[in-house]
Amino acid sequence: MTSLPKLPLLEPRADTLEKCVYCPKLCRAACPVSNAEPVETLTPWGKMSMAYFAARGDVEIDPLHAEPAWACTGCLGCRERCDHKNEVASTLTLARGELYARGVAPAGAVRAQEIALRREPDVAEAARAVDGGAGKDARVVLVVGCGYLLHHQTVARQAKAVTEKLLGQPVRVATRCCGLSSLEAGDTASFRKRAQAMAEEIGSAEEVVVVDPGCARAMMTDYPAAEVTIKPPRLLVDVAHDALARFSTLGEAPPRYHDPCRLGRGLGRYEQPRALLEKIAGAPPAEFERNRGRADCSGGGGLVPLTFPDASRGAASARAAEHERLGGGTVVTACAASLRRLQTVGADAEDLVTWLARGLGVGTE
Ligand code: SF4
Ligand code: SF4
């Protein structure tokens, strides 16, 4: 009998995969995808088991067995609840790369990659519109994130105004995408190429400030893994938090804060956004029932809106419903994907950047 092909790039993750395969699924309640679509193969255990079987050559490498690897928003909720702090999301990202290269990625992932490449000129044009040409010789590069540039241009403009106000100098808006969408699609070669292009655009800038936590995490953790070197970026939320005293208190009803997965569990920023909202509103933000490390995902990440749209919408609707049940009002997040996802299910969602702009009295014209 001929043996089935294996996935060699997953060999270094054998221990991680085995931990999940032999686990009684202790993290299952954390997964926004299997909570929205309660199917065993979509639990963290199911996805890791399928990747394990594919890696060992126990199942056919085909679209059916490949699909679960894309049923992950990258929310890191399972890692938070795991005694081993098992790296499910990054292991599934590796699996996506192997499966995409073998031509068995789901149609949604392939489409996402095609859209991302086709939109590159649109991202550049949107960035130039936000930049306005004034930052040509600036020493600071601002990576806004294509999610903001394409879908939330007002927030992108506010991010530029806030950064310039806080740093006291003009900034140049990066015209490229960080490439995260290619990594999430599974096209690792394209991700490396796009990351390299971003590194070239940043060039010798003295400082790099990043708005979207998805871009920030890609640049901080996935670029080094792809051997792409850039100047370590600063998060805009950190720049703002370091200047907390400069924000005015508006004395408005405090919003509810939603921890974006990549800013919270991904980058450990739980208190900085809350401190900023408290300073600007004049009272601490309201909370979801589970928050900080245990916060629930809004379903916007990992290309899940394209690969598992029902699960993505289900996760976002659950967040919006909980928000209403707890009293409604405005919900503030700090990630373009989360902002868009919450708005598309009807939540009155705003970005933290909008509050920063109001607290500084800039970018609101
Ligand atoms: S992430 Fe941890 S808790 Fe979840 S299935 Fe894997 S080993 Fe078990
Ligand atoms: S990272 Fe989030 S979406 Fe992915 S398997 Fe874990 S809990 Fe589910």
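**Why these labels fit: a sheet and its helices**

Q: Why is Thr229 called exposed?
A: In this predicted model, Thr229 has a relative accessible area of 70%. The cut-off for exposed is over 50%, so Thr229 gets that label.

Q: Where is Thr229 in the chain?
A: Thr229 belongs to the loop between H13 and S4. For a sense of scale, Ser34 is 195 residues away from Thr229 in sequence, and their C-alpha atoms are 36 Å apart in space.

Q: How do you know what span to expect for H13, and what do its end C-alpha atoms say?
A: H13 has 13 residues, and the count to multiply by 1.5 Å is one less than that number. The expected span is therefore 18 Å, and the end C-alpha atoms are 17 Å apart, so the two agree.

Q: Where does H13 bend, and by how much?
A: The bend is at Met219 and comes to about 35°. That value is the angle between the axis fitted to the seven residues ending at Met219 and the axis fitted to the seven starting there.

Q: Which residues of H13 are buried?
A: Pro213, Gly214, Cys215, Ala216, Arg217, Ala218, Met219 and Tyr223 are. Buried means under 20% relative accessible area, so each of these residues falls below that cut-off.

Q: What do the buried residues of H13 pack against?
A: They pack against S1, S3 and S4 from the sheet, and against the helices H5 (77-81), H11 (180-185) and H12.

Q: What makes S2 and S4 the edge strands?
A: The open sheet has 4 strands in the order S2-S1-S3-S4, with parallel pairing. Strand S2 (171-173) and strand S4 (234-235) each pair on one side only.

Q: How do you know that S1 and S2 pair?
A: Pairing takes at least two bridges. S1 (residues 140-143) and S2 have 3, in the parallel sense, so they pass. If you want to see the register, Val141 sits opposite Arg172, and Leu142 faces Val173.

Q: What packs on the sheet as a helix, and which strands does it touch?
A: Helix H12 (residues 188-202) does, touching S1, S2 and strand S3 (207-210). The direction of H12 makes about 155° with that of S2.

Q: What about S1 and S3, and S3 and S4: how many bridges join each pair?
A: S1 and S3 are joined by 4 bridges in the parallel sense, including Val140 with Glu207 and Val143 with Val210. S3 and S4 run parallel with 2 bridges, and Val210 stands opposite Leu235. Since the bar is at least two, both pairs count.

Q: Which way does the crossover from S3 to S4 turn, left-handed or right-handed?
A: The chain goes from S3 through helix H13 (residues 213-225) to S4, a β-α-β crossover that is right-handed. With the strands pointing away from you, the path over the helix therefore runs clockwise.

Q: How do you know that both faces of S1 are covered?
A: Check the two sides: Val140 and Leu142 are on one, Val141 and Val143 on the other, and all of them are buried. S3 has a similar story, with Glu207 and Val209 pointing one way, Val208 and Val210 the other, and all buried. In a regular strand, side chains alternate between the two faces of the sheet.

Conventions: Residues are numbered from 1 along each chain as its sequence is written. Chains are lettered from A and ligands numbered from 1 in the order in which they are written. This is a predicted model: local features need pLDDT of at least 70, side-chain atom pairs count only at pLDDT 80 or more; totals for chains, interfaces and linings use all residues. Side-chain values use heavy atoms; hydrogens and water are left out. Contact means heavy atoms within 4.5 Å. Axes are lines fitted to C-alpha atoms, for helices over the stretch in contact, and angles run from 0 to 180 degrees between N-to-C directions. Buried means under 20% relative accessible area, exposed over 50%, partly exposed in between (1.4 Å probe, protein chains only).
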